[in-house]
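I sat down with this model and kept notes as I went. Here is what I looked up, entry by entry.

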Amino acid sequence: MGSPDDALTRRLVDLSRSLRQHGIAVGPSESADAAAACAALGVSDRGRLRAGIAAAMLRREGDREIFDQLFDIYFPAGVGDRQTVGEVTAATGGAEVRAAAEQLRDDLATALATADERELDRLAARAVAELGALANDSTMGGYSASQTLDRLAPQTAIAAALQRARDGADTPAGSGEGGGGSGSGSGGADGTGSPWRAEELSDRFDRDEIRSRVAAFRRRVEREATRRNIEARGTERISRYGVRDPLERKDFLLTGREEAVELQSAIRPLARKLAARLSAKQRRHSRGAVDVRRTLRRAMSTGGVPIRPAYKYRHRSRADIVLLCDMSGSVSGFSRFTMLLLQALSTQFRRVRFFGFVNICDDITDLVVGAEMGEDIRTRVAEQATIARWHGSSDYGSALEDFVDRWLGAVGPRSTVLVLGDARTNGSDPKVAALRTITEHARQVVWLNPERSSAWDTGDSVASRYGEVVDMHECRNVEQLRQFVSRSLPV
């Protein structure tokens, strides 16, 4: 039997390997630093150990989400059933599930009101055991955090928890005086609870605090489900397939409704960062060679030493951006996020025009520019623009040919054309000659493809045929889109 140090070393090595599999650069030096941190911090305090290993292994704050998930896999809180939970039987029938969920919500409201951390841990384990067990035999006794949270709906306990905090005069920290301002009037005439009163400012702080506790409880449920699934399915399998990618690496084509809302909220801060980078890039490009005469004149004030060289500045006109956006099916989500980003960055370019298509093109610039930031414009485009004829399937050849016939005047020698789509023509003629005509009129034509490059040329994809004419880039997530805009987009 190996020593505890050997077991800890194996866990660190496995954690490092799994981090690399998920795209986080962790080398031997980071692993050695993590081992030194473990020796210095000890393993008695799990939170402190987590922070120490993260500080040693990670270089980017954006990698912390993946690290936390993998840490819970390789350094679980424990194994087996929790003794504090007691005997728990998984709920099966619909009535049994509803009864168990109702009882758990009642207990959860009390724990949220009193901020009882140990009770919240116990309830998370109990909720997973009662509501999260998967019934399918193929799941090998696994548990689902999403099923647990869907059945429990912990957000519905917020109002009850807030009321109990007021009635018990147990106000969340930092929320002001007595139960959100309930004061001496917290009881009704019959002593059954607080009467109705107008909402005060402190109530909002109380509610936000309860909501943050609910969010922390959801994370407890996810960690507990992961811990139980490791025992059922093995560490290696869970670390490979059971880890969620961070939002910036989530595939556009696999984005759900909730993740789409989060992506929309991330567009504005991302646009601000990219705008600053593009402005700096434009300043660098506008600086020309050293102006010798002005440099020597400046050097007279420093004894002839050219400490501050002067440069010749050349005028650079801003580029035009023309977007050809596939608005069909799931690809429209990728086009929408790209349009929102370019809409927010429109001040960095001389002009930005948007064209949508399914099998014919239409100018949707006014619809995009007139939309609110973050608004889903797909419904408005479908109602007010003509982007399909005869059928609703994408036909890139027909769309490109229609753009050349009707809208080629929008492309000039200063234009950069971005084609957004998966290059799947549904078996129709790709009409590469139309794309070549666009490249002859534009300064640059780039194709952004939301599919993995390994999927190009499979099925009805003609990515390589278009790639012979224009540069085609894989652009599956926000991170790749950010890299393309900051590095490759002209200004």
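**Entry 1: salt bridges**

I began with the charged side chains and counted 26 salt bridges. I keep in mind that this is a predicted model.

Which residues are linked in a network of salt bridges? I found Arg46, Arg50, Arg64, Asp68 and Asp72 in it.

I took one pair from that network for a closer look. The side chains of aspartate 68 and arginine 64 form a salt bridge, at 2.9 Å from N to O. I placed both residues in helix α4, 4 residues apart, about one turn of the helix. Aspartate 68 has a relative accessible area of 23%, so I noted it as partly exposed. Arginine 64, at 27% relative accessibility, is partly exposed too.

**Entry 2: two pairs in α10**

I moved on to helix α10, which spans residues 201–233. Glutamate 209 and arginine 213 both lie there, 4 residues apart, about one turn of the helix. They form a salt bridge, and I read 3.6 Å between the closest N and O atoms.

Is arginine 213 buried or exposed? Its relative accessible area is 11%, which is under the 20% cut-off, so arginine 213 counts as buried. Its partner, glutamate 209, comes out as partly exposed, with a relative accessible area of 27%.

The second pair is glutamate 224 with arginine 227, where the closest N and O atoms of the salt bridge are 2.7 Å apart. Why are these two separated by about one helical turn? Because they are 3 residues apart in helix α10. I checked the cover as well: glutamate 224 is buried, and arginine 227 is buried too.

**Entry 3: back to α4, and a serine that touches it**

I returned to helix α4 to see how covered it is. The helix runs over residues 64–74, and 8 of its 11 residues are buried. I listed the buried ones as Ile66, Phe67, Gln69, Leu70, Phe71, Asp72, Ile73 and Tyr74. Asp72 also belongs to the salt-bridge network from my opening entry.

Next I looked at serine 18, which sits in helix α1 (residues 4–21). Its relative accessible area is 1%, so serine 18 is buried.

What does serine 18 touch, leaving out residues up to four places away in sequence? I found Leu70, Tyr74 and Ser239. Leu70 and Tyr74 are among the buried residues of α4.

**Entry 4: valine 97**

I found valine 97 in helix α5, residues 94–114. Its relative accessibility is 10%, so I put valine 97 down as buried. Again setting aside residues up to four places away in sequence, valine 97 touches Ala91, Thr92, Leu131 and Arg151.

How far apart are valine 97 and arginine 151 in space, C-alpha to C-alpha? I read 7.6 Å, with their positions 54 residues apart in sequence.

**Entry 5: the sheet**

I then turned to the strands. Strands of a sheet pair through backbone hydrogen bonds, either parallel or antiparallel. Here 6 strands make an open sheet with mixed pairing, in the order β5-β4-β3-β6-β7-β8. Its edge strands are β5 (361–363) and β8 (471–474), each pairing on one side only. I noted an average twist of 25° from one strand to the next.

How many bridges join β6 to β7? I counted 5, between residues 415–420 of β6 and 444–449 of β7, and these two strands run parallel. Threonine 416 stands opposite glutamine 444 in β7.

I looked at two helices that go with the sheet. Helix α14 (residues 331–344) packs on the sheet and touches β3 (320–326), β4 (351–357), β6 and β7. Its direction makes about 160° with that of β3. Helix α20 (residues 478–487) lies across β6, β7 and β8, and runs at about 170° to β7.

**Entry 6: the whole chain**

I ended with some totals. The protein chain has 20 helices and 8 strands. Of its 491 residues, 46% are buried. Among contacts between residues at least 6 apart in sequence, I found that 74% join residues at least 24 apart. The chain exposes about 25,100 Å², with 48% of that supplied by carbon and sulfur atoms.

Definitions and conventions: Residues are numbered from 1 along each chain as its sequence is written. This is a predicted model: local features need pLDDT of at least 70, side-chain atom pairs count only at pLDDT 80 or more; totals for chains, interfaces and linings use all residues. Side-chain values use heavy atoms; hydrogens and water are left out. Two strands pair if DSSP finds at least two bridges between them. Axes are lines fitted to C-alpha atoms, for helices over the stretch in contact, and angles run from 0 to 180 degrees between N-to-C directions. Contact means heavy atoms within 4.5 Å. Buried means under 20% relative accessible area, exposed over 50%, partly exposed in between (1.4 Å probe, protein chains only). A salt bridge is a side-chain nitrogen of Lys or Arg within 4 Å of a carboxyl oxygen of Asp or Glu. Accessible areas come from the Shrake-Rupley method with a 1.4 Å probe; for residues, only the protein chains shown count as cover.
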